[in-house]
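Q: I have this model open and would like to go through it with you, piece by piece. Can we start with how its parts sit against each other?

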Amino acid sequence: QAKATKRKHRASSEAPPAKRRDEMSFLSAKKTSVKETQRTFKGKLQKNFSPKKHLVNTGDRKQEEKPCIKTSSLFKNNPEIPELPRPVVKQAREQVFTPEAFQELGLHPHLVSTINTVLKVSSMTSVQKQSIPVLLEGRDALVRSQTGSGKTLAYCIPVVQSLQAMKSKIQRSDGPYALVLVPTRELALQSFDTIQKLLKPFTWIVPGVLMGGEKRKSEKARLRKGINILISTPGRLVDHIKSTKNIHFSRIQWLVLDEADRILDLGFEKDITVILNAVNNECQKRQNVLLSATLTEGVTRLADISLHNPVSISVMDKSNDQSTPQGRAVQDAGPPQTIDSFAIPESLEQHVTLVPSKLRLVCLASFILQKCKFEKDQKMIVFFSSCELVEFHYSLFLQTLLSHTGAPALGQAPSASTRLKFLRLHGNMEQEERTAVFQEFSHSKAGVLLCTDVAARGLDLPQVTWIVQYNAPSSPAEYIHRIGRTARIGCHGSSLLILAPSEAEYVNSLASHKINISEIKMEEILSILARDDCFKVRRKENRKSHAVGPQEIRERATVLQTVFEDYVHSNERTVSWAKKALQSFIGAYAAYPRELKHIFHVRSLHLGHVAKSFGLRDAPKNLGVSARKRRKAMPKRPDLRKKPRHKQRLAEVLRSEYSSGLEAGGAKVRRRSAQEAAAAPWERS
Ligand SMILES: Nc1ncnc2c1ncn2[C@@H]1O[C@H](COP(=O)(O)OP(=O)(O)OP(=O)(O)O)[C@@H](O)[C@H]1O
């Protein structure tokens, strides 16, 4: 076993020298001479891209004869990786299922049979058992239950049950009786799909969905004809309130805010105010329901939507034995307890890995290869902090990882490369592309979805096995929702959070919310390269095959990194495109909320190291904006938990992911032809 050699620790601003790790580490690279580092790269690359020939001094060998790849100093001068704090926390848990069947709720028999046969669901989850009776009694409710526990049906079933039971049969032309607000277009589509299924036996009740990116004209036509259960993103509904004559709310009986904390947090406050004024002007008496896995005091305080004596339902509270005779944990007064700990699905295994910035990209790539090339039926979602970062990594991986058509590696199934399918989803895409990607990923058994937080909440994507957070989320709530895309309704799932050594403190921040996370060493992730001969180096002397040791893995990681760097540096446009992605990363980094700034601060970034994770060989000079200016440029995210000095202008928060798409100068990518859409961003005209 290679002894970790003491490395002269060059002060790196990425992290102060911390306690050394004595176990073997790839980070303690021996100095390698140029000769040793010459490599000829195995595997065919994309036809229009070949490794840049690095002419190095090879003595008598004719230089131009062999494409050599210069080893980048990937494993040198990295900050020490500190021992991770290991706070012991008892994670909050929830009982997901109950033995009770829906029949016991006194629902219309056709509704029960639809739940059983169309939705293929028989017994209630805890949140459904606790919420449906309360909502059928006509009470306002604040519903808090972990991700993937069935909150959608918890409100849809009472809404449908009450509307179908109305004495005078509902007419389509009556307009909306129920208004459901959700933060993203994909969630609007998903919720609409669920309501449609429940309404199969009650065809006279007409559902409808309004969302940004769809044609306004067709929406106006449907509104004119009449929609009885209206599902919408706030931005698009406001747009119609302002511009569509025949939208009215005189018959509203239900107002539902799904992902309520997100709706109120993301600058929707202005939209919500407009919507509430419009609804209140026409109807006073109605039932209000707020739901989220992370309902906090901030939400209930901000949600001044005239909740009337709301029932607070929190499945997790059951363990505090606040149950009532019906065995449900219901408090009749005030908002749910403002404990900041969030329940996490029992079957969700959470991991974290500390990776120096220079190695971040090869680590992510190795992890994706490990899961999606060498294992079957792995479906992975990778979260990034901005649309530009999604586009950058999506195109880079398509052009490099996918283009490796090297022979199947050891133990790799021949179809491995078909499993290595990349998709991307973010708020700057055309709506039809977003919808197509959402549907495709929902129905695929394997593949990798690169996305922003537009996919962080509510989306019920079946069989997701891994959630990777390449950039840390801006709050523990977002952490919970992101990992909640896996391990849904009792399924198993895993998550991996990638942190730089300087961000290790974030583990403690999560622990303060009772989030327990275990460590995967970076070396373990990189060691998958031992199985991937695509990145095998060919040596002059044909050594007999030998066990792949740390040095070999370091070299393979270097080959992988060099593939990225050579691709990024293969022409001017790719360089400037990588720089833009780097700039976007720094901008997002500067936008972390105040209470996380001691962990995520632009000053702790080593620009040269971070640049490497964008395939840039050195830090771009003219990134320009100083940390101070960057901070000013990026709107601060409001912190709901802090008592607002005044009604916090939530609207200042970045809304690119959730806008209706109709604002002037929306950042939407212009309509592209199909082949252009498939091309890398720098190749589009
Ligand atoms: N009683 C039930 N039995 C089995 N599966 C159910 C039941 N109720 C809902 N489901 C399924 O569980 C999955 C998650 O449901 P849903 O999306 O409503 O969860 P959620 O609590 O809203 O999650 P999130 O907090 O992430 O929005 C869906 O596939 C849904 O069909």
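Q: How far apart are the C-alpha centres of domain 2 and domain 3?
A: In this predicted model, the C-alpha centres of domain 2 and domain 3 lie 35 Å apart. The contact, meaning heavy atoms within 4.5 Å, takes 19 residues from domain 2 and 19 residues from domain 3.

Q: Where do the domains begin and end?
A: Domain 1 covers 2-75, domain 2 covers 126-322, domain 3 covers 349-612 and domain 4 covers 631-682, with bounds that come from an automatic or database domain assignment. Residues are numbered from 1 along each chain as its sequence is written.

Q: Any caveats on the values before I go on?
A: Because this is a predicted model, local features need pLDDT of at least 70 and side-chain atom pairs count only at pLDDT 80 or more, while totals for chains, interfaces and linings use all residues; side-chain values use heavy atoms, with hydrogens and water left out.

Q: Back to that interface, then: what area is buried between domain 2 and domain 3?
A: About 1,600 Å² is buried between domain 2 and domain 3, and carbon and sulfur atoms give 52% of that; buried area here is the accessible area (1.4 Å probe) that two parts lose on being put together, summed over both. On the domain 2 side, Thr 147, Glu 186 and Arg 262 supply 36% of the area buried against domain 3, more than any other three residues.

Q: How many salt bridges and polar contacts cross it?
A: Four salt bridges are found across the interface of domain 2 and domain 3, where a salt bridge is a side-chain nitrogen of Lys or Arg within 4 Å of a carboxyl oxygen of Asp or Glu. Between domain 2 and domain 3 there are also ten residue pairs in polar contact, both residues being at pLDDT 80 or more. A polar contact is a pair of N or O atoms within 3.5 Å; within protein, one must be able to donate a hydrogen and the other to accept it, and residues adjacent in sequence count only if both atoms are side-chain atoms.

Q: Which elements give two or more residues to the domain 2 side?
A: Those are α5 (185-198) and α8 (260-265), and α5 gives the most, with five residues. Helices (H or I, at least four residues) and strands (E, at least two) are DSSP runs, numbered from the N terminus.

Q: Which residues are linked in a network of salt bridges?
A: Glu 259, Asp 261, Arg 262, Arg 457 and Glu 478 are linked in one. Within it, Arg 457 pairs with Glu 259, their closest N and O atoms being 3.1 Å apart.

Q: And Asp 453 with Arg 482, buried or exposed?
A: Both Asp 453 and Arg 482 are buried, that is, under 20% relative accessible area, with exposed being over 50% and partly exposed in between (1.4 Å probe, protein chains only). Their side chains meet in a salt bridge (2.7 Å, N to O), which links the loop between β15 (447-451) and β16 (466-469), where Asp 453 lies, to Arg 482 in helix α15 (residues 476-483), 29 residues apart.

Q: What about Lys 612 and Glu 565?
A: Lys 612 and Glu 565 form a salt bridge with closest N and O atoms 2.7 Å apart. The pair joins helix α20 (residues 607-612) to helix α18 (residues 550-568), 47 residues apart, and both residues are buried.

Q: Last one, the whole chain: how many helices and strands?
A: There are 22 helices and 19 strands, and buried residues make up 60% of the 685 residues in the chain.
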